[in-house]
Amino acid sequence: MKLGVFTVLFANEQLETALDRVVDAGLDCVEIGTGNYPGDAHCRPAELLADASALAAFRGSIESRGLEISAFSCHGNPLHPRQEVAASSHETFLRTVELAGRLGVERINLFSGCPGDSDSADYPNWVTCAWPTDYADLLEWQWREKVIPYWKEQAAMAGEAGIRLGFEMHPGFVVYNPRTLLRLREACGEAVGANLDPSHLFWQGIDIETAIAELGRHDAIFHVHAKDTAINPRNAALNGVLDTVPLGNVADRSWVFRTVGYGHGELDWRQILSALRLAGYDDVISIEHEDALLSIDEGFEKGVAFLRSVMPTQPPLTEAWWT
């Protein structure tokens, strides 16, 4: 397996400085944001596509350091009911696909987005229950009229360019668990898969090994994030895990994002990494740091150290005494 980092962690630094930090930490690859929610601090696709020398310099800054780009990431909401929001997300996605094609990057990580409850809505409407039946009817309308038509076209375009779309299963969007991810894949084709981020599954009560096995059965794991979640036992017992308390109010929340190893221990992460290998995934593990209790430097350094201690770095055993 290879170890990388999602460089939005270093958005306040110049690209070259961030890359030097990655090299100094002994990592293999970088995941780079190209706009929308991750921002475009290190990569502005429209500018690079319009300037051959800038594109060459961008490529050179990464290749000269012996790094590779594991994925471009443009998480947004192209299904947003407000047209200006949807159009902005869509444009960033298109430019990201074009840039990925130019640079030979084969994976783009993103969100599925979430529509509203009608063509005249102003806000997304995330459906999480089947009754009253208004919700079930709304959910089917969203998928039939918005989700599948949009992503079927985009997945076909990406697939023709040899690019795979890694959807992060994230609550608030229509793809938030293995069932919804596989529903989108079945409707839109094999260019659709998962950017597997355990942190968003932990707090939903999803068993990560079971999810990995199911997604692996469909060859649907394209990229993996390393981010943890800690559950506050008292708050979760009192209010459950559907939590709208602001993320910064750590003490009052039922769950919070943590650096790997701070929510689940070594055994949990060893089992996750082993499950990935069993599912046929032996590729990039990309650190994403959103831990409100640790600084950027400490979160990054501790995340690297923890993962180095638990992740396999050599090919698996191919022959043994039982063969």
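Okay, helix α4: residues 83-103, so 21 residues, where a helix is a DSSP run of H or I with at least four residues, and a strand is an E run of at least two, both numbered from the N terminus. From first C-alpha to last, α4 reaches 30 Å, close to the 30 Å expected at 1.5 Å a residue, with the expected span being 1.5 Å times one less than the number of residues.

Quick caveat: this is a predicted model, with local features needing pLDDT of at least 70 and side-chain atom pairs counting only at pLDDT 80 or more, while totals for chains, interfaces and linings use all residues. Residues are numbered from 1 along each chain as its sequence is written, and side-chain values use heavy atoms, leaving out hydrogens and water.

Which residues of α4 are buried? They are Ala86, Ser89, Thr92, Phe93, Thr96, Val97, Leu99, Ala100 and Leu103; buried is under 20% relative accessible area, exposed is over 50%, and partly exposed is in between, with a 1.4 Å probe and protein chains only. If that spacing looks familiar, remember that an α-helix has 3.6 residues a turn, so residues three or four places apart point the same way. The buried residues of α4 pack against α2, α3, β3, β4, α5 and β5. Just after α4 comes Gly104, with a positive phi of about 75°.

Now take α5, residues 133-160. The axes of α4 and α5 come within 11 Å and cross at roughly 15°; axes are lines fitted to C-alpha atoms, for helices over the stretch in contact, and angles run from 0 to 180 degrees between N-to-C directions. So the two helices, α4 and α5, are roughly parallel, which is the word for angles under 35 degrees. On the α4 side the contact (heavy atoms within 4.5 Å) is made by His90, Phe93, Leu94 and Val97, and on the α5 side by Tyr150, Trp151, Gln154 and Met157.

Next pair: α10, residues 266-278, and α11, residues 296-310. Their axes come within 10 Å and cross at roughly 65°. What makes the contact? From α10 we have Glu266, Trp269, Arg270 and Leu273, and from α11 Phe306, Ser309 and Val310.

Last stop, Arg217, in helix α8, residues 208-217. Is Arg217 buried or exposed? Exposed, with a relative accessible area of 57%. Its C-alpha is separated by 8.9 Å from that of Gly280, and the two residues are 63 apart along the chain.

Notes: Parallel < 35°, antiparallel > 145°, perpendicular 65-115°, else oblique.
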